[in-house]
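Dear colleague,

I am handing over the structure below, and I would be grateful if you could keep it open while reading the notes that follow it.

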Amino acid sequence: MEKLSDLIKHWREISISLSHRPIGILLLLIIGWILCFYDPPDDNGPPDQSGVNLVAVVDALSGSGEDVTLTVKDLRWPDGRAGDECLCVYPAKSYSDREKKCSFSQIKIGQTIQIYGDVRSFRKPGNPGQFNEAAYYHSQGIIARMYASEVSIVRDHVDHVAMFLHDVRGFFRDVFYQALPEKEAGVLTAMVLGDKSGLSEEVNDLYRENGLAHILAISGLHISLIGVGLFELLRKTILPVNISTVVTGILLFLYGQLTGFSLPTRRAVIMTILVMLARVLGERYDSINAISLAAVVELVCHPSSLYQSGFLLSYGTVVGIVLFVHGWEEYHAKNKGVSFLFDILSGSMGISLVTLPILIQSYHEIAIYSVLVNALLLPAMSLLLGLGIIGGIAFMIDGLFRGLFGMVYAILCGYQQICEWVVMLPGNTKIVGNRAFLSIVFYYLVLFSGLLLKRKKALQLMLYLLNCIVLILPVTTDSFFPAFGRGEVTITNLDVGQGDCSCIIFEDGRCVLIDGGSSDVKKVGRYRIVPFLKYYGIDTIDYMIITHSDADHVSGLEEILEKEGNFGLTIGHVVMPQIQNKDENYSVFEKLVPGGPIYIKAGDQIRIGGGAFTCLHPAEGYRWEDANDYSTVLEFEYGHFKALFTGDLGFHGEEAMKEEMARLQRDIPDVDYLKVGHHGSKTSSSETFLSKIKPEIAVASAGENNRYHHPSKEAVERLEKAGAKFYCTIEGGAITTRTDGESIKVSEFID
């Protein structure tokens with residue numbers, strides 16, 4: 001009965017708390033309306049167009065010199081249509097021609113310009129786990145990118161305030177790069193100015209793997225530290241409270257403009273101004289009301305922000321700090337000697353607990369030691385930011401300038417060293433895969449219900465730990481997760497543009513990757529193959545099989561092998577065809593494999609997870625003329641299901657394989673599934689070959705508008721004539737075939 005009365009008392013306290021926070025209730029109503037009734041705008045931008053001539057107003061500049069990128073608004077299209085959307089404008093490769101009317105470096109914010117060039121829409125993801133470029137830019141009002149081959153100024157009306165802030169940004173960036181080595185200057189520029197152009201991928205990965213990616217951007221923490229610090233300095237030294245509030249508010253707004261006014265910046269500016277107003281009015285500052293008001297403003301102006309990870313992480317971070325630091329206040333009061341330490345630890349724990357599902361859904365992996373790393377490094381952030389800003393201002397005073405940036409350099413080196421040590425610890429990152437929506441709802445219900453146990457800290461901590469474990473376990477994976485007890489194998493042909501990549505995932509989670517490259521998608525390993533694997537919780541590639549050495553089949557796999565730590569993946573066996581007279585690409589890839597690859601030839605077999613891969617080509621001693629001809633051909637059997645993977649095999653290789661099968665006294669198999677040879681080239685998938693294998697499903701991988709015109713009309717007609725249902729990654733994105741050894745289901749990622 002006593003426990004029940006305590007629970008009732010807690011609920012009564014919550015009810016009273018909510019009644020004093022009407023803005024919080026309004027926020028919940030707005031969120032409910034967005035989830036139930038709001039239809040997010042279509043992410044389809046304008047169609048790709050060449051030779052477009054339009055007029056627009058310059059809204060923002062980024063970069064410097066001839067590497068400037070423009071953001072333009074108030075578009076007037078050639079057909080007379082006007083819109084309030086924005087475009088990103090880049091100089092085309094041909095922009096250096098002598099016919100250009102003005103240099104990009106001469107363009108200023110506020111000017112009306114005429115642009116001639118090509119408009120290209122942002123890509124939607126073609127694979128699970130791939131970054132949604134279109135949704136990200138559309139949420140910011142940017143509908144497409146344009147590559148300008150000619151720009152001229154129509155109206156020379158300059159926004160002098162915006163240009164002044166742009167010049168200040170450039171001044172600070174130049175100072176940082178003059179005062180620090182390139183790597184450290186890039187980190188400080190990202191932290192203070194929100195400019196990530198100087199950050200290397202290695203630094204980005206290092207901070208992300210330690211759960212510190214949030215400090216490499218202008219965040220609410222930065223704004224709060226700068227705003228509150230400046231307000232207290234002005235209030236206690238030279239200005240009255242009211243004037244200090246106005247001055248600090250104006251300077252915060254200008255700083256937001258200078259750094260691009262990102263979503264976290266907007267939130268932090270509103271909350272910091274509310275802190276100062278509470279001081280002026282003599283009222284108690286209520287952080288929950290402040291968070292709610294900032295969120296209401298954001299969601300009323302941009303409802304689709306609710307679906308962006310940036311919004312969720314920004315507000316989740318603050319909610320975590322507020323709820324958990326305040327939740328441990330009673331414990332702090334009893335332990336005043338270590339109160340500051342408990343503030344740091346409880347705040348870091350709160351951030352990690354509230355943002356855990358958001359980070360999992362965004363990156364599909366978690367940094368195990370992030371709570372400790374954040375607790376260790378975040379306290380130095382205020383000092384680092386202050387030194388960086390004051391150091392830039394003190395540029396003209398040589399001794400002070402060098403001293404300040406000497407301390408900045410020491411802090412940044414300390415950050416990097418600690419991150420490198422933590423990365424070396426066992427199990428630093430854990431790939432967990434995508435989570436089901438209901439499991440996330442359950443996680444948050446348990447998390448916030450645990451706050452009721454505020455007088456039983458040990459039980460509360462045990463509940464939080466158990467909650468995290470349940471979320472991370474495979475039982476909470478997405479409803480179409482392919483394996484783990486479902487008795488299914490999935491074959492996914494990834495959308496890698498003009499290239500090839502097939503991923504086979506077994507019911508026990510083991511994974512085989514056949515090829516992985518592209519000739520038209522840059523860093524296809526980092527941005528398409530690895531995110532796909534992490535989305536499905538794959539942390540080990542048991543077999544990486546290369547059919548042949550052309551770049552459009554191996555470039556992404558080379559990225560994975562060359563990357564220190566292999567993007568957090570464990571590489572089991574690397575398999576290559578056993579051939580004579582190795583070409584240069586083959587030899588280069590061979591040297592990337594630690595300990596050397598396994599070589600395979602016709603007749604060899606690999607058994608894994610209840611399935612078997614049998615090599616049908618090339619035979620030992622096979623003499624090839626074109627690299628496509630020695631493509632490894634694999635027959636895959638799982639129960640009664642049979643599949644054939646053919647690399648870039650063409651007519652010549654198909655004939656050679658038939659001869660090899662005859663020598664081995666084997667028939668070419670009748671298959672259910674065919675990975676179409678050579679992207680559907682007209683010189684592959686001959687009628688004779690198809691009449692032997694009789695595929696029911698045929699999947700080709702090719703890039704949109706590729707110069708080879710793959711898949712060819714002739715090959716598609718031959719496949720359909722042979723009775724195959726034809727799929728292509730151009731139209732469908734990733735093509736996934738599921739089988740339990742009997743039934744077969746095919747789905748396209750782009751429906």
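Please bear in mind throughout that this is a predicted model.

I begin with a small set of paired strands. Thr71 has Cys88 in β4 as its bridge partner, and this pair belongs to the antiparallel pairing of strand β2 (residues 69–76) with strand β4 (residues 86–91), which extends over three bridges. Strand β4 also pairs with strand β6 (residues 142–155), this time in parallel and through six bridges; one position to look at there is Cys86, whose bridge partner in β6 is Ile142.

The next feature is a pair of helices, α4 (residues 160–179) and α15 (residues 381–393), whose axes lie 10 Å apart and make an angle of about 100 degrees. Because angles of 65 to 115 degrees count as roughly perpendicular, α4 and α15 are described as roughly perpendicular to each other. On the α4 side the contact involves Phe171, Phe172, Val175 and Phe176, and these meet Gly388, Ile389, Gly392 and Ile393 of α15. Sorted by class, the residues of this contact comprise six nonpolar and two polar ones, with no charged residue.

Further along the chain there is an open sheet of eight strands with mixed pairing, and its order is β14-β13-β12-β11-β10-β9-β22-β23. The edges are taken by β14 (598–600) and β23 (744–748), each of which has a single partner strand, so that one side of each is left without a neighbour in the sheet. If direction is ignored, neighbouring strands of the sheet are turned against each other by 25 degrees on average. At the β23 edge, the partner is strand β22 (residues 735–739), and the two pair in the antiparallel sense over five bridges; within that pairing, Thr739 has Ile744 of β23 as its bridge partner.

Two helices that lie across strands of this sheet deserve a look. Helix α21 (residues 584–592) lies across β13 (570–577) and β14, and runs at about 155 degrees to β13. Helix α19, for its part, lies across β9 (489–493), β10 (499–505), β11 (511–518) and β12, with an angle of about 160 degrees to β11.

Helix α19 (residues 524–535) also packs against α20, their axes coming within 9 Å and crossing at roughly 90 degrees, which makes α19 roughly perpendicular to α20. Val524, Gly525, Arg526, Ile529 and Val530 of α19 make this contact with Ser555, Gly556, Glu559 and Ile560 of α20. By class, the contact of α19 with α20 contains four nonpolar, three polar and two charged residues.

Finally, I would draw your attention to His548, which is found in the loop between β12 (540–545) and α20 (551–562). Is His548 buried or exposed? Its relative accessibility is 0%, and since buried means under 20%, His548 counts as buried. Which side chains make polar contacts with the side chain of His548? One is the side chain of Asn628, at 3.4 Å, and another is that of Ser631, with a polar contact of 3.3 Å. Leaving aside residues up to four places away in sequence, His548 touches Asp515, His553, Val554, Ala627, Asn628, Tyr630, Ser631 and Asp648.

With kind regards

How values were computed
Residues numbered from 1 in each chain as written. Predicted model: local features only at pLDDT ≥ 70, side-chain atom pairs only at ≥ 80, totals over all residues. Heavy atoms only, no water. Axes fitted to C-alpha atoms, helices over the stretch in contact; angles between N-to-C directions. Helix = DSSP H or I, 4+ residues; strand = E, 2+ residues; numbered from the N terminus. Parallel < 35°, antiparallel > 145°, perpendicular 65-115°, else oblique. Contact = heavy atoms within 4.5 Å. Nonpolar A, V, L, I, M, F, W, Y, C, P; charged D, E, K, R; others polar. Pairing = 2+ DSSP bridges. Buried < 20%, exposed > 50% of the residue type's maximum accessible area, 1.4 Å probe, protein only. Polar contact = N/O pair within 3.5 Å; in protein donor to acceptor, adjacent residues only side chain to side chain.
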